[in-house]
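Visitor: I would like a close look at a single part of this model, followed outward into what surrounds it. Please state each cut-off as you use it.

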Amino acid sequence: MSHETIRNANHLIGKVELPADKSVAHRAAIFAAIAEGDSEIVNYPDSDDPQSTLHCLRQLGVSIVETDRGVTVSGVGLDGLKAPDGPLDCGNSGTTMRLLAGVLAGQPFDSELVGDSSLSRRPMTRIAEPLRKMGGRVHLTDGLPPIRIEASKARLQPIEYELPVASAQVKSAVLLAGLYAEGETVVVESTPSRDHTERMLQLETFTLGSARRITATGGKRIAARTWAVPKDFSAAAFFLAAGAAVEKSHITLRAVGVNPTRSGALDILTAMGGRITVSRERQFGGEPIADLHVQTSSLTSVRIDGPIIPNLIDEIPVLAVVATAAAGETEIRDAAELRVKESDRIAIMVENLRRMGADIDEHPDGMTVRGGTKLKGTVVESHGDHRVAMALAVAGLLAEGETRIDGAEAASVSFPGFWDELRKLAGQ
Ligand code: S3P
């Protein structure tokens with residue numbers, strides 16, 4: 001386990017080189033693998049999670065070659081995947097495991113999905129249940145990985161499935177299995193989660209109020225094409241938060257994905273008084289992107305709850321850090337899902353921020369942060385969670401003295417260059 005030491009920052013100035021979006025990258029790789037013919041994925045990230053997806057797809061017989069611009073995937077068509085020669089190692093990546101389970105449920109061969117110690121503690125009944133309803137023979141141990149999937153004897157049956165949790169991974173697993181079903185599979189979500197799968201596969205979506213019905217048609221062929229991965233909004237969020245909260249800061253972030261189902265933190269930081277400008281809005285690979293600029297702001301608290309939660313779920317650790325620098329009380333609710341992420345992000349953020357002197361209460365579904373207390377540098381611990389490590393780095397910039405972040409290497413799961421970029425801006 002390695003650590004990084006971050007000192008109190010008196011400025012953050014410059015441009016940040018962001019990694020490409022891992023949510024879009026996993027999907028591009030999986031869709032390209034089951035498409036007909038060769039696809040290029042421009043800007044495929046070298047972070048650990050998207051690499052886990054490539055590793056699993058190669059084990060399923062898909063040839064993937066690195067190019068100057070990204071990767072070329074030789075798609076094998078919906079029915080061309082091969083039986084793997086051993087367990088498929090998803091590493092730390094829940095998206096890899098859950099989306100691939102959707103694909104594998106309809107294959108005529110046995111497979112097994114395994115993960116690291118964090119992924120091995122994450123709930124999988126949420127995907128096993130709908131996949132079993134479709135006829136998938138999916139086996140877990142006490143609701144947890146490894147996921148063993150027996151060869152499918154016939155085509156899967158289509159279902160209409162109302163999501164019990166707002167989860168893009170569950171939604172995507174069911175829609176992917178739907179490609180292997182006889183007829184039309186419908187997923188209904190009452191609280192919209194990130195919609196990359198629907199956009200990228202151009203699935204028919206019907207919106208009524210805030211509810212959405214998404215349809216996947218069995219046997220629908222995916223054409224090979226060029227896929228392009230925008231810069232990761234979730235990576236940008238650490239710098240938007242840090243730039244707003246640290247004195248004398250000006251940070252520019254270029255070509256960042258601003259899909260509204262992902263960028264709820266932009267709305268929240270703006271509502272908190274964050275001076276963020278969004279410019280050159282345009283499309284890139286079917287996703288909206290923009291250039292973002294943030295500068296030091298006078299921040300006030302807000303309430304973060306309700307339907308915006310799935311649109312900023314990954315950004316809550318860093319929003320909790322910003323809340324320590326905002327005037328007033330920030331209450332975060334309806335976010336119990338945070339307890340089943342790469343770590344229990346409610347318990348771990350509360351514990352670490354308390355160690356740094358924050359005035360913070362833990363709730364079953366969130367936390368309350370009373371701002372205006374100056375954080376103090378100390379030793380904090382990522383618990384192997386990339387977003388916790390990076391959120392604590394932002395806390396370190398705000399804290400008096402030095403903050404030592406143990407388990408700092410976890411950042412490479414989504415952002416291998418994070419520490420270098422942060423030091424460059426802070427001149428540390
Ligand atoms: C993701 C969906 C979210 C998110 C995760 C990536 C995706 O998880 O937290 O980082 O790419 O579909 P859930 O689907 O479990 O909410």
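Guide: A residue is called buried under 20% relative accessible area, exposed over 50%, and partly exposed in between (1.4 Å probe, protein chains only). Helices (H or I, at least four residues) and strands (E, at least two) are DSSP runs, numbered from the N terminus. The model is predicted, so local features need pLDDT of at least 70 and side-chain atom pairs count only at pLDDT 80 or more, while totals for chains, interfaces and linings use all residues. Residues are numbered from 1 along each chain as its sequence is written, and side-chain values use heavy atoms, with hydrogens and water left out.

The part to start from is helix α5, residues 168–178. Because 11 of its 11 residues are buried, α5 is largely enclosed by the rest of the structure. The buried set includes polar and charged side chains, among them Gln169, Lys171 and Ser172, as well as Val170, Leu175 and Leu176. At the start of α5, a side-chain oxygen of Ser167 comes to within 3.3 Å of the backbone nitrogen of Gln169. That is a polar contact (N or O atoms within 3.5 Å; within protein, one must be able to donate a hydrogen and the other to accept it, and residues adjacent in sequence count only if both atoms are side-chain atoms).

Ser167 also leads to the ligand: one of its polar side-chain atoms is 2.7 Å from a ligand oxygen. The side chain of Arg27 has an N or O atom 2.7 Å from an oxygen of the ligand, and the side chain of Asp314 likewise places an N or O atom 2.7 Å from a ligand oxygen. Taken alone, the ligand exposes 390 Å², of which the protein buries 95% (Shrake-Rupley areas, 1.4 Å probe; for residues, only the protein chains shown count as cover). In total, 13 residues surround the ligand, and the closest are Ser23, Arg27, Ser167, Asp314 and Lys341 (a heavy atom within 4 Å is the criterion).

From Lys341, one of those closest residues, the path goes on to Glu342. The backbone oxygen of Glu342 is reached by the side chain of Ser118 at 2.8 Å. Ser118 sits in the loop between β7 (111–114) and α4 (125–133), where it is buried, with a relative accessible area of 7%. Residues up to four places away in sequence aside, Ser118 touches Asn92 and Glu342 (contact means heavy atoms within 4.5 Å).

Helix α10 covers residues 345–355. At its start, a side-chain oxygen of Asp344 reaches to within 3.2 Å of the backbone nitrogen of Ile346. Its buried residues are Arg345, Ile346, Ile348, Met349, Val350, Asn352 and Leu353. These pack against two helices, α9 (316–324) and α11 (386–398), and against strands β20 (359–363), β21 (366–370) and β22 (379–381). Just after α10, Gly357 takes a positive phi of about 95°.

Thr324 is found in α9 and counts as buried because its relative accessibility is 3%. Beyond four places in sequence, Thr324 touches Leu353, along with Ala358, Val369, Gly371, Gly372, Thr373 and Leu375.

Leu353 belongs to the largest nonpolar core, of 79 residues, where Leu353, Phe239, Leu253 and Phe418 have the most contacts inside the core (a core is a set of buried Ala, Val, Leu, Ile, Met, Phe, Trp, Tyr and Cys residues joined through side-chain atoms within 4.5 Å). Helix α7 (residues 233–245) supplies the largest share of this core, 11 residues. A second, separate core has 66 residues, including Ala35, Val73, Met124 and Ala181. Back in the largest core, Leu253 touches Val16, Leu18, Ala236, Phe239, Leu240, Ala290, Asp291 and Leu292, again not counting residues up to four places away in sequence.

The cysteines close the tour. The disulfide count is 0 (a pair of cysteine sulfur atoms within 2.5 Å would qualify). Cys56 is in no disulfide, and its nearest cysteine sulfur, that of Cys90, is 4.2 Å away. Cys56 counts as buried at 0% relative accessibility, and Cys90 is likewise buried, at 0%.
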